Amino acid sequence: MSHLYRKYRKKLHDIYTSKSFTSSKDSGPLVQVSYTPNKELLFVINHVFMPPHLPGKSDFSERNEQALFDHVYEAAQEFSDTLPSKTRHLWLPIPKLLKRFSAYHTHLGLSEADMLESMSKMRVGDVLAFLVRAQNAGVVIRHDTNFAVFEAFELSPPAEAVFATRGRLLRSFPGPAVQIPIDVFKDSLFQAELSRFLGAMSTDPSESTHGAKDSEPSSPTLESSDPPHPRYITQLLTEILRGMGGAAVVPRITKRVADDVISTESGEPWRRSAAWLLLRVVIQTTLQRQDGGNQMFKAFVAFVHAKILHIGLQYDLPSYLLACMQRKTARRLQKIGPGSSSSQLKFAYGAVDKAGKVLNQRWDLANTAQTNSLGSTWAPRKLKIAADTRLTLYNGMDYLNQSLKTAPLPLSAHSFSPSHRPRFIGADNFAQPNFKELKEALFSEDNFIALADFETAVRDDLVHWASRNVSREGCVFVAARIREYSAAALKAYSPNPELLSIRVLTLFRQWVELDRMAVDLCPLLAEFSPEVPLNLFHHLLLRNKEWIDELDYIEKYLKSRYSKAVPGWSVFSDTADSTSFAVRYFDSDQRLQGLKENVETAAKEQKAKKFKEVAYLRTQYLYLKKSAEKEICRCQDTKNLDVFECEKCSLEEQASAMKMRVFEWPLPEDSSMAKLVIFELTPPLPFVIWREVTYRLLQDLDTSRDSVQQHGSLLLCNYPALGEYYVSDARFPRILGVLASSNNTETWDDLQSVSDATEKTVCVVHGHTWRQVTIVFLSTTL
């Protein structure tokens with residue numbers, strides 16, 4: 001096909017250069033075609049458009065880069081003529097910036113004399129940009145009214161970052177920004193030293209690169225293609241300037257930058273032009289400081305692409321390259337919104353349209369050439385199909401015979417016994433018979449499938465199951481599921497924040513249904529705060545829409561609960577008054593009121609018995625004392641006489657040893673506190689489950705108040721006077737929310753000497769202050 005391609009190229013050239021190949025208006029030749037585009041144009045196209053096929057080594061040269069400068073400067077001048085008069089003033093600093101930029105950039109680096117001249121001529125609103133090539137850095141100086149603003153940033157990113165990124169790099173510009181007073185900047189000595197510094201830095205190659213670390217580079221290509229680290233500009237220079245002024249607040253931009261590192265030949269690898277990046281950044285940041293500037297920048301970039309495309313049409317560029325330029329120019333035009341002038345769009349669309357016509361002409365010519373070539377040579381009747389499809393292997397018979405005689409290799413059979421656990425999907429997942437199997441699956445080594453099944457069941461089926469199982473047993477069962485899932489998911493999902501977010505969401509999705517059942521069984525709970533903060537879930541990382549919908553469901557439920565609750569009422573409050581849950585529940589529950597009467601009746605009976613015991617023991621005491629008075633002590637007459645051998649001393653010792661146990665009234669004197677104690681003796685099971693699950697969930701997320709743990713204090717369940725009335729369900733042992741005395745004085749266990757015993761000293765009031773505590777140290781995980 002090579003002869004056909006050469007024939008096609010020659011015929012294409014004849015067509016393009018002929019007078020008959022004209023535009024739709026017959027205004028002359030559409031394009032003038034030259035055989036070979038110059039190297040400067042190819043450099044500009046490669047670095048501006050980045051076509052699929054790029055050079056295998058660096059194509060940088062002073063002449064090539066100067067051509068890029070000239071293209072951008074000429075485009076800026078022509079672009080200015082297309083702007084409306086009311087917005088043309090926004091563009092005035094750009095041509096001046098580009099003209100100076102081209103002046104002080106030479107093949108030897110930055111020209112100190114030209115930089116010094118440009119700085120001395122700066123006026124308010126002027127901008128200068130410097131390409132410090134040897135340091136891989138760009139420096140921008142802006143002349144404001146009272147300050148000179150310096151911006152610095154890295155140009156070419158590290159090769160490792162380019163290789164590791166799919167698509168384009170997301171970069172922010174500028175880097176550090178500082179400002180100094182304008183009178184300091186205008187000082188001739190300052191400008192001379194700054195010019196000398198930048199000139200030296202632009203030619204003095206830096207030995208510090210991104211790859212110069214303790215670790216070895218991942219590949220030789222990375223090591224050889226890494227650009228210098230810009231620290232001498234972005235750190236050293238900016239810190240020197242910061243000492244003369246301070247940090248500057250400047251508008252910043254984020255760009256999706258395309259770059260590549262290509263090294264298929266010897267020499268330096270191909271990298272995208274740092275100058276083209278610097279020019280785009282300084283133009284965009286300059287225009288962005290004014291209203292409408294960002295839209296103007298997009299229009300200018302599209303104009304530059306269209307101008308280069310228009311120039312490229314005058315050369316015999318390969319079709320793939322021309323198509324790439326056309327499409328990228330069209331894509332730039334799509335980014336331009338309303339507000340662009342018609343002359344800008346007309347020029348750009350004209351270039352795209354001309355490129356499309358050229359490509360269509362080439363395609364039609366190739367089809368015609370192919371059709372003509374097939375028409376003259378295609379003769380299917382002359383084909384020798386049998387001869388052409390017969391394969392002859394002259395020396396292969398021995399090999400084939402040997403292969404056929406080879407005994408087949410013995411096959412060893414292996415039995416496959418996969419360890420498969422049943423899936424847990426659907427409403428039956430919350431049925432009691434499957435709980436044991438699910439628990440084993442959740443704590444197995446490979447439990448991710450079981451966790452996912454459980455999470456799916458919670459999301460899809462729990463609400464239906466809970467609506468049919470509003471009961472004490474339903475509350476117990478959901479609480480058990482919360483405990484088992486929490487422990488298994490925490491172990492499997494740590495430390496992945498996204499999976500831990502799903503764990504938190506699944507736990508509180510179950511809590512919602514537990515809360516709903518507890519409120520149905522204990523309506524008073526609806527008047528109290530649900531305790532879960534509305535902003536608790538702001539830190540979660542959720543990707544799927546299903547989980548986001550679940551979060552929305554939870555937050556809407558919490559807002560509904562808060563709207564019905566009385567502000568400030570909390571079940572975790574230690575106060576006992578008319579706003580306490582325990583007091584309000586006691587006042588509405590006849591069972592607890594009857595229990596309180598039983599406790600008080602029994603206490604009165606015990607108190608009456610204690611009075612009789614006091615009277616009896618006092619009588620015995622007085623009898624012993626009187627009997628001792630009648631006797632004579634013999635301890636003084638006989639040495640080493642045992643006390644009990646002396647009758648008088650023996651009687652007195654017996655009287656002194658008489659003691660009796662103090663009776664403490666079992667309930668506090670304060671009626672509200674007494675109601676609280678009675679309530680905690682036998683609270684409703686749904687409330688107990690709700691309170692403990694809620695508390696432990698909040699402790700798990702470290703949002704609850706600090707738990708109070710008093711080891712050595714008297715627990716209500718161990719208080720002898722009320723121990724027989726204390727009820728704890730074995731299906732859900734009470735660990736949190738029980739009462740303990742805050743003082744260590746065990747009045748009920750005191751012994752009173754009968755010599756001082758009276759009814760008031762033996763029968764005392766309740767001496768304990770009760771509050772909610774945890775009775776054991778627990779992990780913060782359920």
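# Exercises on a predicted model

The protein chain holds 29 helices and 15 strands. The model is predicted. Work through the exercises in order.

## Exercise 1: The whole chain

Find what share of the protein chain counts as buried, and what share of its contacts join residues at least 24 apart.

Solution.
- Step 1. The protein chain has 782 residues, and 47% of them count as buried.
- Step 2. Take contacts between residues at least 6 apart in sequence. Of these, 77% join residues at least 24 apart.
- Step 3. Turn to the surface. About 42,300 Å² of the protein chain is exposed, with 53% supplied by carbon and sulfur atoms.

## Exercise 2: An open sheet

Work out the order of the strands in the five-strand open sheet, and name the strands at its edges.

Solution.
- Step 1. Read off the order: β3-β4-β5-β7-β8, with antiparallel pairing.
- Step 2. Look at the ends. β3 (127-132) and β8 (246-247) each have a single partner strand, so each has one side without a neighbour in the sheet. These two are the edge strands.
- Step 3. Take one pair from inside the order. Strand β5 (residues 147-154) runs antiparallel to strand β7 (residues 177-181), and five bridges join them. Across this pair, F150 faces V178 in β7.
- Step 4. Add the helix. Helix α12 (residues 274-288) packs on the sheet and touches β3, β4 (137-143) and β5. The direction of α12 makes about 155° with that of β3.

## Exercise 3: A salt bridge between distant parts

Locate R503 and D700, and decide whether each is buried or exposed.

Solution.
- Step 1. Start with the total. The whole structure has 28 salt bridges.
- Step 2. R503 and D700 form a salt bridge, with their closest N and O atoms 3.1 Å apart.
- Step 3. Place the partners. R503 sits in helix α22 (residues 497-521) and D700 in helix α28 (residues 685-700). The pair links distant parts of the chain, 197 residues apart.
- Step 4. Apply the cut-off: buried means under 20% relative accessible area. R503 has 3%, so R503 is buried. D700 has 16%, so D700 is buried too.

## Exercise 4: A salt bridge within one helix

Describe the salt bridge of R516 with E513, and name the network that joins them.

Solution.
- Step 1. The closest N and O atoms of R516 and E513 are 3.3 Å apart.
- Step 2. Both residues lie in helix α22. They are three residues apart, about one turn of the helix.
- Step 3. Check the cover. R516 is partly exposed at 29% relative accessible area, whereas E513 is buried at 1%.
- Step 4. Compare another pair. E527 forms a salt bridge with R584, with the closest N and O atoms 3.2 Å apart. E527 lies in the loop between α22 and α23 (545-564) and R584 in helix α24 (residues 581-588), so this pair ties together parts 57 residues apart in sequence. E527 is partly exposed at 28%, and R584 is partly exposed at 29%.
- Step 5. Finish with the network. Salt bridges with shared partners join R509, E513, R516 and E550 into one network.

## Exercise 5: A nonpolar patch

Name the residues of the nonpolar surface patch that includes M244, and place M244 in its helix.

Solution.
- Step 1. The patch is formed by Y232, L236, I240 and M244. Together they have about 340 Å² of accessible area.
- Step 2. M244 belongs to helix α11 (residues 231-244).
- Step 3. M244 has 39% relative accessibility, so M244 counts as partly exposed.

Notes. Residues numbered from 1 in each chain as written. Predicted model: local features only at pLDDT ≥ 70, side-chain atom pairs only at ≥ 80, totals over all residues. Heavy atoms only, no water. Patch = residues over 30% accessible without salt bridge, like charges linked within 9 Å, V, L, I, M, F, W, Y side chains within 5 Å. Areas by Shrake-Rupley, 256 points an atom, 1.4 Å probe, with all protein chains shown as cover. Salt bridge = Lys/Arg side-chain N within 4 Å of Asp/Glu carboxyl O. Helix = DSSP H or I, 4+ residues; strand = E, 2+ residues; numbered from the N terminus. Buried < 20%, exposed > 50% of the residue type's maximum accessible area, 1.4 Å probe, protein only. Contact = heavy atoms within 4.5 Å. Pairing = 2+ DSSP bridges. Axes fitted to C-alpha atoms, helices over the stretch in contact; angles between N-to-C directions.
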